[in-house]
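Biologist: I'd like a close look at just one chain of this model, please. Could you walk me through how it is put together, and where I should be careful?

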Amino acid sequence: MTTNTTANAIIGAGTGATRTKGWSPRTESILRVVAPVTLGIIVLAIWQFLVTVGGVSDYLLPSPTSIMAELVAYWPAVVSATVLTGTNSLLGLLVGSLLGIILAAVAARWRIADQMSAPIIAALAVVPIVALAPVLNSMFGADSQFGRQAIAAIASFVPIFINTLRGFRQTRPVHRDLMKAYAASSGQMLRSLTLPTARPFILTGIRIASSLAVISALVAEYFGGPRGGLGSLIATSAASSAYSRAWAYVGASIALGLLFYLATLALERLVLRRVPTGGSR
Amino acid sequence: MSDQIPTTTPAADTMTTDVSDAAVAVRGLNKQFQTASGIVHALEGIDLTVEAGEFVSLIGPSGCGKSTLMRLIADLDVPTSGELTVFGKTATQARLDQDYGIAFQQAGLLPWRTVAANVALPLELHGVASAARRTRVADLLEMVGLTEFADRFPDQLSGGMQQRVAIARSLAEQPRLLLMDEPFGALDEMTREKMQTDLVRIAADTGAAVVFVTHSIPEAVFLSDRVVVMSPRPGRISDIIPMRLDAADGREERDDDLREASSFFEMVTEVREALHGGASDAENPAPRAARGVDTR
């Protein structure tokens with residue numbers, strides 16, 4: 001049958017699409033890992049060289065080996081601090097995501113809600129959220145983690161809300177007509193059409209928010225509240241001139257941020273893997 | 001139902017038959033759109049009856065309101081005035097009762113659902129049990145010849161195959177009325193002819209009435225019991241031509257041989273002249289086809 005063979009040819013062309021030039025795919029995937037690792041090692045080597053041979057003061061810039069030594073020596077503290085800050089960030093991210101998605105659904109459904117919330121969202125988007133930290137700390141008490149979690153939640157709320165709202169507006173007229181022709185209820189409409197259409201946008205929002213949640217939870221620790229998180233340990237280490245230790249905590253913060261980013265990226269890939277990006281006609 | 005004799009003259013159409021028998025009954029229908037440049041009369045004084053099991057094509061140049069008329073029957077838009085019933089009910093009630101199946105010019109498949117899940121969508125929305133759903137979807141995919149593509153995603157199919165999925169979906173609930181808005185408009189000529197032959201067979205098998213919007217004269221002639229010729233600005237019905245095709249007493253008899261029969265060409269000519277009559281004045285007496293109409 002003519003149409004079938006045509007379609008097979010199209011599918012064949014799609015999967016068989018080859019790179020126009022350069023290395024084989026295998027070499028390229030190896031290079032993708034090897035190249036940045038090599039650069040990292042070179043940078044560390046130059047850093048170490050500058051400090052030990054070049055005579056840069058250890059106060060100014062601790063050497064990679066001394067940072068490593070501190071990391072090993074304070075490993076239990078580093079781990080517990082990372083877990084504490086990570087928990088705050090994760091809770092904030094989860095609450096922020098839920099709120100962002102739900103409120104975006106409300107704003108998409110009722111135009112008045114959108115118009116009412118627009119100035120608040122704009123304000124939240126431009127105000128540095130961590131500036132709220134001292135206020136929240138005094139509101140909820142100096143021994144509560146709640147202020148930090150709230151800050152992480154507000155920071156992640158904004159990109160998720162904005163992206164989700166945009167996603168909710170991507171439904172195509174032909175799909176809306178179809179759902180109306182099927183007399184679909186508004187709940188069915190949301191489940192079968194609006195949410196799946198918005199899914200890539202929501203996931204992008206969560207990925208952007210994941211880094212923001214970690215940064216906000218961490219920076220919020222600089223402004224008081226209970227000790228023990230990565231942020232407060234960086235601050236106290238630096239204050240007591242233990243620069244190598246401060247750098248060790250900074251390294252752990254980078255790892256935590258990366259973990260969040262990679263986890264949400266993996267989630268995005270996983271969910272969208274089976275969703276073709278090309279539009280259907 | 002499919003062997004029901006179509007009304008033979010436009011005049012007969014305006015005589016009130018038992019309205020509840022008719023698939024679609026339209027009386028004095030008007031539709032106006034409010035635009036920035038004023039009111040547009042999309043449809044004016046439309047009278048039309050589509051009997052149960054009858055295949056009626058709406059043809060006319062762009063802007064004649066043929067798609068608007070179909071959207072009004074589907075209750076996707078609301079008429080400004082006039083009377084419109086579907087199986088004796090209001091259009092809204094007919095939509096809520098799921099009395100019709102619909103297919104658009106764009107297949108409108110949901111890209112995150114497989115072919116099978118797309119066909120199952122209406123069944124799912126209306127609470128059909130999953131076992132019954134699976135059987136029905138398998139039957140439908142076999143009917144449109146896409147069984148082996150059940151687990152593919154829409155963007156892995158050609159345009160023609162996507163449109164066949166959309167047609168399978170429109171037939172999912174065995175509607176007594178099929179509304180189709182240029183469903184083959186975006187297809188190449190060969191796929192299109194095959195789809196037309198398939199549609200004639202499917203419509204005959206299911207006994208459904210069909211309202212088919214097209215801008216292709218041969219397509220309308222090949223498919224229809226009656227062709228409704230419309231003219232633009234304001235959208236009006238200028239003629240209703242019953243198809244007399246010697247080769248085809250019953251619709252199921254229509255096949256590719258018909259496309260070469262002399263009666264087919266006579267009907268094509270008749271529709272073409274009706275379109276021309278509605279579209280131009282005496283100053284331009286003998287153009288072969290109205291502008292904006294595909295004469296392939």
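Modeller: Let's begin with contacts in chain B: among those between residues at least 6 apart in sequence, 69% join residues at least 24 apart. Two residues are in contact here if their C-beta atoms, placed from the backbone, lie within 7 Å. Keep in mind that this is a predicted model, in which local features need pLDDT of at least 70 and side-chain atom pairs count only at pLDDT 80 or more, while totals for chains, interfaces and linings use all residues. For names, residues are numbered from 1 along each chain as its sequence is written, with chains lettered from A and ligands numbered from 1 in the order in which they are written.

Now for the parts list. Chain B has nine helices and ten strands; these are DSSP runs numbered from the N terminus, with helices being H or I over at least four residues and strands E over at least two. Of the 296 residues of chain B, 50% count as buried. A residue is called buried if 20 or more other C-beta atoms lie within 10 Å of its own, exposed if 12 or fewer, and partly exposed in between, again with C-beta atoms placed from the backbone.

The strands make a good place to zoom in. Six of them form an open sheet in chain B, in the order β6-β7-β8-β3-β9-β10, with mixed pairing. Two strands pair if DSSP finds at least two bridges between them. At the edges of this sheet sit β6 (100–103) and β10 (236–242) of chain B, each pairing on one side only.

Next, look at β3(B), which covers residues 55–59. Is this strand buried or exposed? Five of its five residues are buried, so β3(B) is largely enclosed by the rest of the structure. You can follow that on both faces: Phe55(B), Ser57(B) and Ile59(B) are buried on one side, and Val56(B) and Leu58(B) are buried on the other.

β3(B) also has partners to trace. With β8 (residues 209–214) of chain B, β3(B) pairs in the parallel sense over five bridges. With β9(B), the pairing is parallel too, over four bridges. Leu58(B) is a handy residue to click on: in β8(B) it stands opposite Val213(B), and in β9(B) its bridge partner is Val228(B).

Carry on along the sheet, and β9(B), residues 226–231, pairs with β10(B) in the antiparallel sense over six bridges. Across that pair, Val227(B) stands opposite Ile241(B).

There's another open sheet in chain B, with four strands in the order β2-β1-β4-β5 and antiparallel pairing. Its edges are β2 (38–50) and β5 (89–90) of chain B; each has a single partner strand, so one side of each is left without a neighbour in the sheet. Inside this sheet, β1(B), residues 24–35, pairs with β2(B) over nine antiparallel bridges, and Leu29(B) stands opposite Ile46(B).

Now pick a helix. α6 of chain B runs over residues 159–170, and its twelve residues reach 17 Å from first C-alpha to last, close to the 16 Å expected at 1.5 Å a residue. That expected span is 1.5 Å times one less than the number of residues. Twelve of the twelve residues of α6(B) are buried, so the helix is largely enclosed by the rest of the structure. Among these buried residues are Met161(B), Arg164(B), Val165(B), Ile167(B) and Arg169(B).

One loop is fun to check as well. Glu182(B) isn't a glycine, yet has a positive phi of about 45°. Most residues other than glycine have a negative phi. Glu182(B) is found in the loop between β7 (177–181) and α7 (189–206) of chain B, and counts as buried, with 20 C-beta neighbours inside 10 Å.

Finally, where to be careful. The mean pLDDT of chain B is 77, and 82% of its residues reach 70 or more; pLDDT is the predictor's confidence in each residue, from 0 to 100. Over residues 1–19 of chain B the pLDDT stays under 50, and the model has 31 contacts there beyond four places in sequence. Residues 278–292 of chain B also have pLDDT below 50, with 20 contacts beyond near neighbours in sequence. Where pLDDT is low, the predicted coordinates should not be read in detail. For the whole model, the scores are ipTM 0.77 and pTM 0.72.
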